[in-house]
Protein chains: 4
Amino acid sequence: MKLATADGRSRRAEQKRSERREAILSAAERIFSQHGYHAASISDVIDAAGISRGTFYIYFDSKDALFLQLIERFIGLMTDALVVVDPKKPEPARRILENVQRVVDVAFDHPDLTMMVLRESRGLNADVDAKLDRLYGFLREMVEGALVNGAKSGLTRRVNEAVVATALIGAFKEAFLHQLVTERTRSPDRQTLASSLFEFGIRGLLVSG
Amino acid sequence: MKLATADGRSRRAEQKRSERREAILSAAERIFSQHGYHAASISDVIDAAGISRGTFYIYFDSKDALFLQLIERFIGLMTDALVVVDPKKPEPARRILENVQRVVDVAFDHPDLTMMVLRESRGLNADVDAKLDRLYGFLREMVEGALVNGAKSGLTRRVNEAVVATALIGAFKEAFLHQLVTERTRSPDRQTLASSLFEFGIRGLLVSG
Amino acid sequence: MKLATADGRSRRAEQKRSERREAILSAAERIFSQHGYHAASISDVIDAAGISRGTFYIYFDSKDALFLQLIERFIGLMTDALVVVDPKKPEPARRILENVQRVVDVAFDHPDLTMMVLRESRGLNADVDAKLDRLYGFLREMVEGALVNGAKSGLTRRVNEAVVATALIGAFKEAFLHQLVTERTRSPDRQTLASSLFEFGIRGLLVSG
Amino acid sequence: MKLATADGRSRRAEQKRSERREAILSAAERIFSQHGYHAASISDVIDAAGISRGTFYIYFDSKDALFLQLIERFIGLMTDALVVVDPKKPEPARRILENVQRVVDVAFDHPDLTMMVLRESRGLNADVDAKLDRLYGFLREMVEGALVNGAKSGLTRRVNEAVVATALIGAFKEAFLHQLVTERTRSPDRQTLASSLFEFGIRGLLVSG
DNA sequence: GATGAATGAGGATTCATTCAT
DNA sequence: CATGAATGAATCCTCATTCAT
């Protein structure tokens with residue numbers, strides 16, 4: 001009985017905890033994306049989240065830890081969105097387009113988080129740097145692999161895979177950043193953006209247009 | 001005689017002034033590129049420049065003014081490097097390659113300055129924002145114009161010019177950033193980088209490979 | 001119950017806040033009166049108040065805001081002390097004497113605050129200037145009105161009211177300043193000061209001694 | 001011959017020195033009266049005087065020394081303006097009026113200097129304090145003496161001489177300050193001011209108007 | 001757990017004064 | 001003598017973090 005009660009209580013408590021945590025993260029996403037890491041203060045975040053100063057430090061160890069958490073969230077979303085394309089399976093180009101579409105979805109569904117990540121790059125914190133390095137390393141290897149496979153199978157032209165992989169990542173980053181900064185009305189919808197990027201990035205590399 | 005002496009003296013003084021100013025700018029370039037605008041303190045800059053606290057403020061009005069100066073320097077270098085390509089003149093692709101080579105040269109010749117600009121994006125200061133907006137606007141229009149002209153003359157495929165222009169700029173930014181972060185030995189030389197970027201960006205868009 | 005506790009807690013907190021604020025104001029009164037606005041540093045104030053650097057800025061927005069607060073306090077005390085004398089009511093001279101006594105009381109009861117105000121005059125801060133201008137304007141008008149009324153009713157001699165009003169205010173200011181600077185033992189008590197000033201300022205102006 | 005030349009040269013040099021010194025003092029008068037001691041910077045003074053930073057320190061040891069110099073100048077002017085009134089000589093009241101007129105002349109002829117002295121009072125510097133204390137002590141004694149003599153000879157009423165002397169000084173100070181702050185057009189001319197102050201200060205104290 | 005007052009290291013900037021030229 | 005670049009102590013203020021209630 002007691003246990004059950006305790007369980008129920010703790011479950012409710014657990015949920016409230018989790019909701020609060022989420023509220024802070026969500027507020028921080030907005031604040032960081034608007035002002036950038038340094039210009040955003042903990043005061044901004046707690047005001048936006050509607051909590052007190054002390055409470056923040058119950059949920060997060062530090063400003064850095066909060067930021068890292070958001071970075072990890074973004075990395076998770078991106079990692080989930082991307083499926084490594086097996087060149088032996090049919091229609092690899094279609095798989096790649098689907099990847100592009102899912103990545104564009106992440107940017108459109110989480111504009112603040114995406115902007116936050118794209119605004120600040122390296123140098124804020126060693127942990128963040130390491131995580132982002134791993135993400136970008138993963139992305140580069142993925143793209144590079146696709147390029148190598150494409151060339152092997154005669155689908156794509158030979159290029160400097162390392163450079164082109166990096167360039168492609170940059171192309172997406174800038175497209176997203178510009179998309180998120182520009183007012184909605186004057187910028188393409190997600191479908192157009194995805195296909196335009198795919199066209200540009202992939203079609204251009206095909207041996208035969 | 002007196003005038004000559006005075007002239008000589010003031011000329012020497014003028015030169016020393018200008019050297020100091022340059023020394024501060026150069027130190028700041030390094031510091032800002034390493035730590036980013038906010039994390040870099042005036043103390044870091046004056047230590048690196050080997051001057052005293054007060055001396056800094058003789059040469060620059062504020063931290064913001066110093067940063068703006070460097071931004072302007074970068075913008076000047078980029079603007080000088082780029083020549084608008086006239087589609088009626090012969091060999092437009094070659095003119096574009098030359099632009100790419102000169103832009104790559106800027107990144108290689110001014111690695112700290114370039115990294116500084118690529119690290120921080122918008123939001124530090126209204127003046128800086130305005131200047132960068134103008135630079136990127138100029139770049140986008142330039143690339144977009146080239147794409148439109150290319151399509152008109154039947155040289156390149158039709159694409160969403162706005163998106164592709166932005167993506168191309170991002171491609172260069174990321175390539176430079178990666179280049180500057182990675183150790184020299186493992187990264188391509190400027191010739192390779194330039195031609196790889198050109199190949200990727202332009203060849204891919206040609207109607208016939 | 002919960003509310004009551006919370007209430008009690010917040011009431012105590014509220015009181016402590018208010019006490020601290022008062023402690024800072026009181027320390028600042030002393031510091032400003034001793035060194036003057038410019039020569040007094042925030043460090044001096046926080047040392048005297050026994051608080052930390054940051055704490056000061058919880059209670060006051062800036063050094064200026066603190067000073068303004070004290071100025072307002074003084075203005076409030078003076079304004080409360082003075083009752084406009086209605087010439088139609090009986091014994092106007094007595095009402096004036098009572099005003100003088102109350103003003104002297106303010107100076108004796110708040111020596112630091114009074115000295116602070118008398119030391120610094122205009123030019124520290126636009127807000128302060130405006131407030132003081134209004135105070136002195138009010139004082140001048142009050143005295144001038146009394147002089148005009150006195151002359152009308154034939155009680156006092158005709159004088160240049162504007163000049164004499166200003167002069168009378170200066171007479172009080174200097175008397176207070178001198179009083180507060182001189183050691184207690186060698187200076188008159190408040191009763192003597194009040195009646196001497198009254199005698200000088202008012203009796204002298206009466207038509208018949 | 002040589003000596004004569006040297007003499008001529010040094011005399012000219014001496015004169016130039018003295019002119020420069022005067023230019024600095026004159027500029028400082030203006031600057032100090034406008035901004036007050038603390039808010040006025042050496043930069044302001046040298047800009048107004050049209051000299052270089054280093055030159056200033058050839059002519060004055062420090063900012064304090066400059067200010068002290070001006071204070072001394074003011075004290076000299078005031079001291080010269082005032083003639084101790086011998087009660088045995090005829091027409092003492094007229095001698096007093098002449099004193100008042102000469103003091104008013106000092107204020108009108110040296111508005112910046114006068115305002116400078118009246119704005120800042122004590123606490124800037126020990127030397128300045130001492131000099132001003134001596135001046136005010138002299139003034140108080142002079143007025144007090146006159147009051148005592150006046151009472152002795154039956155000319156004036158008996159008052160608290162110490163308080164009234166201080167009050168009279170304050171009356172003049174405030175009248176001057178107000179005069180110098182207010183625009184010329186709306187304020188009395190020197191004749192009116194002098195007679196109004198005399199009327200107020202002295203006539204009021206006479207046994208028979 | 002929640003609160004918010006308190007802390008103090010650190011940051012940008014100013015300015016009187018010095019001194020090599 | 002004149003100059004003005006250089007100095008660095010001192011000032012105001014911010015903000016991430018702690019901790020008693």
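This talk goes through one protein–protein interface, one pair of copies, and the protein surface around one DNA strand.

Please keep in mind that the model is predicted.

I start with chains A and B. On the chain B side, 33 residues are in contact with 32 residues of chain A. The area buried between chain B and chain A is about 2800 Å², and carbon and sulfur atoms give 61% of that area.

How many salt bridges are there between chain B and chain A? The count is four. One that I can name pairs Glu199(A) with Arg157(B); the closest N and O atoms of this salt bridge are 3.4 Å apart. Across the interface of chain B and chain A there are also five residue pairs in polar contact, counting pairs with both residues at pLDDT 80 or more.

Which elements of chain B give two or more residues to the side that touches chain A? They are α6 (111-119), α8 (161-181) and α9 (190-201). The largest share comes from α8(B), with 13 residues. Sorted by class, this side of chain B has 15 nonpolar, ten polar and eight charged residues.

Next, chains C and D. A turn of 178° and a shift of 0.1 Å along the axis lay chain C on chain D with an RMSD of 0.3 Å. The two copies are therefore related as by a two-fold rotation axis. As for their interface residues, 97% of those of chain C are also interface residues in chain D, so the copies meet through the same surface.

The last part is DNA strand F. There are 31 residues around this strand, and those that come nearest are Arg53(A), Tyr59(B), Arg53(C), Arg17(D) and Thr55(D). Of the atoms of DNA strand F that come within 4 Å of the protein, sugar and phosphate account for 57%.

Here are three individual contacts with the strand. In chain B, a backbone N or O atom of Gly54(B) lies 3.0 Å from a base nitrogen of DNA strand F. In chain C, a polar backbone atom of Lys63(C) is 3.0 Å from a phosphate oxygen of the strand. In chain D, a polar side-chain atom of Arg20(D) lies 3.2 Å from a phosphate oxygen.

Elements that give two or more residues to the surface near DNA strand F include α3 (53-59) of chains A, B, C and D. In chains B and D, α1 (2-35) is also on that list. By class, this surface has ten nonpolar, eleven polar and ten charged residues.

That is the end of the talk.

Notes
Residues are numbered from 1 along each chain as its sequence is written. Chains are lettered from A and ligands numbered from 1 in the order in which they are written. This is a predicted model: local features need pLDDT of at least 70, side-chain atom pairs count only at pLDDT 80 or more; totals for chains, interfaces and linings use all residues. Side-chain values use heavy atoms; hydrogens and water are left out. Contact means heavy atoms within 4.5 Å. Buried area is the accessible area (1.4 Å probe) that two parts lose on being put together, summed over both. A salt bridge is a side-chain nitrogen of Lys or Arg within 4 Å of a carboxyl oxygen of Asp or Glu. A polar contact is a pair of N or O atoms within 3.5 Å; within protein, one must be able to donate a hydrogen and the other to accept it, and residues adjacent in sequence count only if both atoms are side-chain atoms. Helices (H or I, at least four residues) and strands (E, at least two) are DSSP runs, numbered from the N terminus. Ala, Val, Leu, Ile, Met, Phe, Trp, Tyr, Cys and Pro count as nonpolar, Asp, Glu, Lys and Arg as charged, and the others, Gly among them, as polar. Copies are superposed by least squares on the C-alpha atoms of residues with pLDDT of at least 70 in both. A residue is near a molecule or strand if one of its heavy atoms lies within 4 Å of it.
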